[in-house]
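Colleague: Could you walk me through this one? I have a few quick questions about how it is put together.

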Amino acid sequence: MTATFARPKVGVSACVMGQKVRYDGGHKRSHFVTDKLAEVVEFKSLCPEVGMGMPVPRPTIHVRELNGEYRLTDTRDGRLDHTDKMQSFFDRQRPVLDTLDGFVLAAKSPSCGMERIKVYNESGELMHRKGEGVFVHLLRQHYPHLPLEEDGRLNDAGLREAFVTRVFAYRDFKQNVLASKKMAELVNFQSRYKLLLMAYSPAACRQLGRVVASASEHWQSAIDQYLTLFMATLSKPTTRKKHTNALMHLQGYFKQQLSAQDKQALSEQIDKYRRGYVPLMAPMALLQHHLRHHPDDYVSKQVYLDPYPEQLGIRNLMQ
Ligand code: SF4
């Protein structure tokens with residue numbers, strides 16, 4: 001069985017899409033983004049620096065800390081401050097940004113960089129490398145749950161899986177829980193994500209269950225609390241050990257139906273995955289095969305079986 005997915009809307013730094021909008025007239029095309037991710041999401045590409053009126057090519061800019069505030073200024077002349085123009089660009093983009101389910105950002109940029117951005121003082125001397133881009137700062141402020149990831153980090157299989165999982169889950173949550181505002185949808189969401197959450201953090205899965213249990217009395221605060229913890233749980237790449245635990249849990253649902261031989265074969269596949277001999281897809285395909293022959297409503301609705309479109313091939317990489 002293959003799940004069907006609505007196409008999430010994902011923002012992307014235009015240079016990552018291959019557009020020649022960088023300060024030097026170049027681009028930073030990511031092949032995973034343009035060749036793979038583009039097949040399953042709807043991209044909204046934008047370049048904040050061009051959007052706020054800068055030309056291509058253009059003088060370099062950087063982040064300065066002035067009076068305790070991060071400002072986007074010209075590299076050579078700190079008096080040339082572009083921060084307000086960035087704020088205006090961001091405000092104009094709000095109708096589009098409101099619809100997004102994720103954002104892929106270009107690393108190392110004073111506008112789009114998510115982490116380790118150089119921050120300079122008033123005199124233009126380097127203070128530290130722990131900053132973030134000014135556009136990203138605004139994104140985080142206004143959309144605290146929006147999944148963000150940088151182009152380079154998406155080359156890491158674990159980070160790639162965690163990001164794509166978050167994007168599809170966020171879309172699902174907005175479409176089903178936030179849109180309906182129904183307690184039953186929140187309960188159903190937690191039930192559908194139970195095994196996926198267990199594969200990331202069994203402790204967080206239990207904690208989320210408690211948040212759901214209290215939600216009928218404090219809906220809005222429970223929703224905020226739930227989404228914050230849910231997205232934080234999925235933001236850290238999981239491990240083979242945790243996936244193995246979730247697979248064994250899933251295996252338990254078939255213990256009455258499978259022959260001794262089938263049980264043995266399934267245990268062997270899970271163990272081969274645990275040892276790193278086969279990718280996650282191998283035991284998962286076997287479990288899906290058994291589910292087709294022994295349907296189970298609770299197992300069938302588990303997002304863990306199909307958290308994102310198969311064609312991304314991510315589970316073939318998950319060693
Ligand atoms: S990193 Fe951001 S601001 Fe810089 S060129 Fe790319 S899209 Fe434009």
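Modeller: We can take the sheet, then a hairpin, then one loop residue, bearing in mind that this is a predicted model.

Colleague: What is the strand order in the open sheet of four strands?

Modeller: The order is β2-β1-β5-β8, and the pairing is parallel. Strands β2 (42-46) and β8 (148-150) are at the edges with a single partner strand each, so one side of each is left without a neighbour in the sheet. From one strand to the next, the twist averages 25°.

Colleague: And which helix packs on the sheet?

Modeller: That is α5 (residues 157-178), which touches β1, β5 (102-105) and β8, and whose direction makes about 150° with that of β8.

Colleague: Back to β1, how many bridges join it to β2?

Modeller: Five bridges join β1 (residues 9-13) to β2, and within that pairing Gly-11 has Lys-44 of β2 as its bridge partner.

Colleague: Now the hairpin: how do β6 and β7 pair, parallel or antiparallel?

Modeller: Strands β6 (residues 117-120) and β7 (residues 126-131) are antiparallel, with three bridges, and Tyr-120 stands opposite Leu-126 in β7. Five residues lie between the two strands of this hairpin, and Gly-124 in the turn has a positive phi of about 85°.

Colleague: Different topic, is Lys-20 buried or exposed?

Modeller: Lys-20, in the loop between β1 and α1 (31-36), counts as exposed because its relative accessible area is 59%, where the cut-off is over 50%.

Colleague: What is Lys-20 in contact with, beyond its neighbours within four places in sequence?

Modeller: Its contacts there are Gly-25, Gly-26, His-27 and Val-56. Val-56 is 36 residues from Lys-20 in sequence, with 8.1 Å between them, C-alpha to C-alpha.

Methods: Residues are numbered from 1 along each chain as its sequence is written. This is a predicted model: local features need pLDDT of at least 70, side-chain atom pairs count only at pLDDT 80 or more; totals for chains, interfaces and linings use all residues. Side-chain values use heavy atoms; hydrogens and water are left out. Two strands pair if DSSP finds at least two bridges between them. Axes are lines fitted to C-alpha atoms, for helices over the stretch in contact, and angles run from 0 to 180 degrees between N-to-C directions. Contact means heavy atoms within 4.5 Å. Buried means under 20% relative accessible area, exposed over 50%, partly exposed in between (1.4 Å probe, protein chains only).
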